[in-house]
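Trainee: Please give a close account of a single part, the lining of the largest pocket.

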Amino acid sequence: MSGDEGSSSNQKPYVVVNIKTHVPIILHFNELNYDAWRELFETHCRGYRVLGFLTGTSKPKYDKDEDRYTLDSIVKSWIYTTLTQPLLTSIVKKNSTAHSAWQSLEDLFLDNKNIRAIELENELRFTTQGDLSVAQCCQKMKGISDLLDNIDNPIPKKTFVVHLLNGLSP
């Protein structure tokens with residue numbers, strides 16, 4: 001097995017009782033927290049030498065490699081435990097692997113990045129102060145800008161300032 005895969009000599013994954021202490025983010029479709037969640041999850045799996053179960057590089061040595069199947073189930077349960085109920089429902093499949101669950105999430109989130117970026121840019125462009133204080137309006141627009149950063153579509157600072165100034169009341 002490669003260096004990042006579990007083996008019977010690697011007992012660390014067996015002692016992780018609460019994954020949420022290591023990956024405190026619950027993946028939510030509407031919060032655009034996939035990139036942060038993914039980074040924490042991959043870092044955790046790398047530290048526990050089970051990253052191969054996510055990437056699909058962990059292969060059984062033989063047909064009934066129970067240690068490998070047990071570790072795959074542990075990693076898959078870590079994934080399931082860090083999802084909202086709607087996401088969990090959308091990816092759970094009978095006899096799936098950690099890799100197939102990971103791939104389903106990647107497909108779901110990465111396929112929607114461009115559409116979500118267009119929606120957020122539009123929201124930023126048309127946000128107005130209305131009844132909000134200047135500070136509240138700035139915070140709201142900064143939040144939208146941060147969401148765009150999270151999906152790899154940062155807004156240049158000059159563009160952000162233009163949108164902010166256009167959104168403020170006289």
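Mentor: In this predicted model, the lining of the largest pocket comprises seven nonpolar, four polar and four charged residues (Ala, Val, Leu, Ile, Met, Phe, Trp, Tyr, Cys and Pro count as nonpolar, Asp, Glu, Lys and Arg as charged, the others, Gly among them, as polar). Local features need pLDDT of at least 70 and side-chain atom pairs pLDDT 80 or more, whereas totals for chains, interfaces and linings use all residues. Residues are numbered from 1 along each chain, and side-chain values use heavy atoms, without hydrogens or water.

The largest pocket (an open set of points on a 1 Å grid where a 1.4 Å probe fits, with protein on both sides within 12 Å along at least five of seven lines; lining residues have an atom within 4 Å of a point) holds about 180 Å³ of space. Among its 15 lining residues, Phe29, Leu32, Phe109, Asn112 and Arg116 lie closest to the centre. Two or more lining residues come from each of α1, α5 and α6 (113-126) (helices are DSSP runs, H or I, of at least four residues). The largest share, four residues, belongs to α6.

Two of these elements also pack together: the axes of α1 (residues 34-47) and α5 (residues 98-111) come within 11 Å and cross at roughly 155°, on a scale from 0 to 180 degrees between N-to-C directions. The two helices are therefore roughly antiparallel (over 145 degrees). Their contact (heavy atoms within 4.5 Å) joins Tyr34, Trp37, Arg38, Phe41 and Glu42 of α1 to Trp102, Leu105, Glu106, Phe109 and Leu110 of α5. Seven of these contact residues are nonpolar, none polar and three charged. Phe109 thus appears in this contact and also among the residues closest to the pocket centre.

Notes
Angles under 35 degrees count as roughly parallel, over 145 as roughly antiparallel, 65 to 115 as roughly perpendicular and the rest as oblique. Grid points are joined across faces, edges and corners, and a volume is the space filled by probe spheres set on the points.
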